[in-house]
Amino acid sequence: MAATVPLAMLPENYEAVIVEVKGGMGLTRRLAEMGFTNGTKVKVLHSSPPGPMLVMVRGSRIALGRGVAMKIMVNPSEAI
């Protein structure tokens with residue numbers, strides 16, 4: 001996979017490290033409060049386009065809409 005891709009592009013059971021959150025001040029703050037910060041591992045638990053996706057971050061399961069997931073840039077690693 002490419003070096004940096006949007007979280008929404010990852011298939012199920014893939015882990016990645018958050019590199020950047022692109023968005024306004026409000027969205028960036030809200031995602032940071034949920035644990036989406038640079039250097040944090042995130043795992044895709046469920047993904048069925050075009051609907052929302054379920055991810056695991058810092059031990060919590062969180063549902064994200066595709067638009068929000070497109071703003072979270074990650075560096076993917078191998079599937080678990």
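## Exercises on a predicted model

Serine 47 counts as buried, because its relative accessibility is 15%. The model used throughout is predicted.

**Exercise 1.** Place serine 47 in the fold and find what its side chain contacts.

*Solution.*
- Step 1. Locate the residue: serine 47 belongs to strand 3.
- Step 2. Check burial. The cut-off for buried is under 20% relative accessible area. Serine 47, at 15%, therefore counts as buried.
- Step 3. Look for a polar partner. The side chains of serine 47 and arginine 66 make a polar contact at 2.9 Å.
- Step 4. List the touching residues, leaving out those up to four places away in sequence. Serine 47 touches Leu10, Glu12, Met53 and Arg66.

**Exercise 2.** Determine whether leucine 64 is buried or exposed, and describe its surroundings.

*Solution.*
- Step 1. Leucine 64 lies in strand 5.
- Step 2. Its relative accessible area is 5%, so leucine 64 is buried.
- Step 3. Across the strand pair, leucine 64 has methionine 53 opposite. Strands 4 and 5 run antiparallel, with 5 bridges.
- Step 4. Setting aside neighbours within four places in sequence, leucine 64 contacts Leu7, Leu31, Phe36, Pro52, Met53, Val55 and Ile72.
- Step 5. Relate leucine 64 to serine 47. They are 17 residues apart along the chain, and their C-alpha atoms are separated by 10.0 Å.

**Exercise 3.** Identify which residues touch the most other members of the largest nonpolar core.

*Solution.*
- Step 1. This core has 20 residues.
- Step 2. Leu7, Phe36, Val42, Leu64 and Val74 touch the most other members.
- Step 3. Trace the suppliers. Helix 1 (25-33) gives at least two residues, as does each of strand 2 (14-21), strand 3 (41-47), strand 4 (53-57), strand 5 (60-64) and strand 6 (72-79).
- Step 4. Take valine 42 as a case. Beyond four places in sequence, its contacts include Leu7, Phe36 and Val74.

**Exercise 4.** Find the backbone exceptions at asparagine 13, proline 50 and arginine 58.

*Solution.*
- Step 1. Set the expectation: most residues other than glycine have a negative phi, and most peptide bonds are trans.
- Step 2. Asparagine 13 has a positive phi of about 70°. It sits in the loop between strand 1 (5-6) and strand 2. At 38% relative accessibility, asparagine 13 is partly exposed.
- Step 3. Arginine 58 also has a positive phi, about 50°. Its hairpin, formed by strand 4 and strand 5, has 2 residues between the strands. Arginine 58 is exposed, at 57% relative accessible area.
- Step 4. The peptide bond from proline 49 to proline 50 is cis, with omega near 5°. Proline 50 lies in the loop between strand 3 and strand 4.

Terms used: Residues numbered from 1 in each chain as written. Predicted model: local features only at pLDDT ≥ 70, side-chain atom pairs only at ≥ 80, totals over all residues. Heavy atoms only, no water. Core = buried A, V, L, I, M, F, W, Y, C linked by side-chain atoms within 4.5 Å. Buried < 20%, exposed > 50% of the residue type's maximum accessible area, 1.4 Å probe, protein only. Helix = DSSP H or I, 4+ residues; strand = E, 2+ residues; numbered from the N terminus. Contact = heavy atoms within 4.5 Å. Pairing = 2+ DSSP bridges. Polar contact = N/O pair within 3.5 Å; in protein donor to acceptor, adjacent residues only side chain to side chain.
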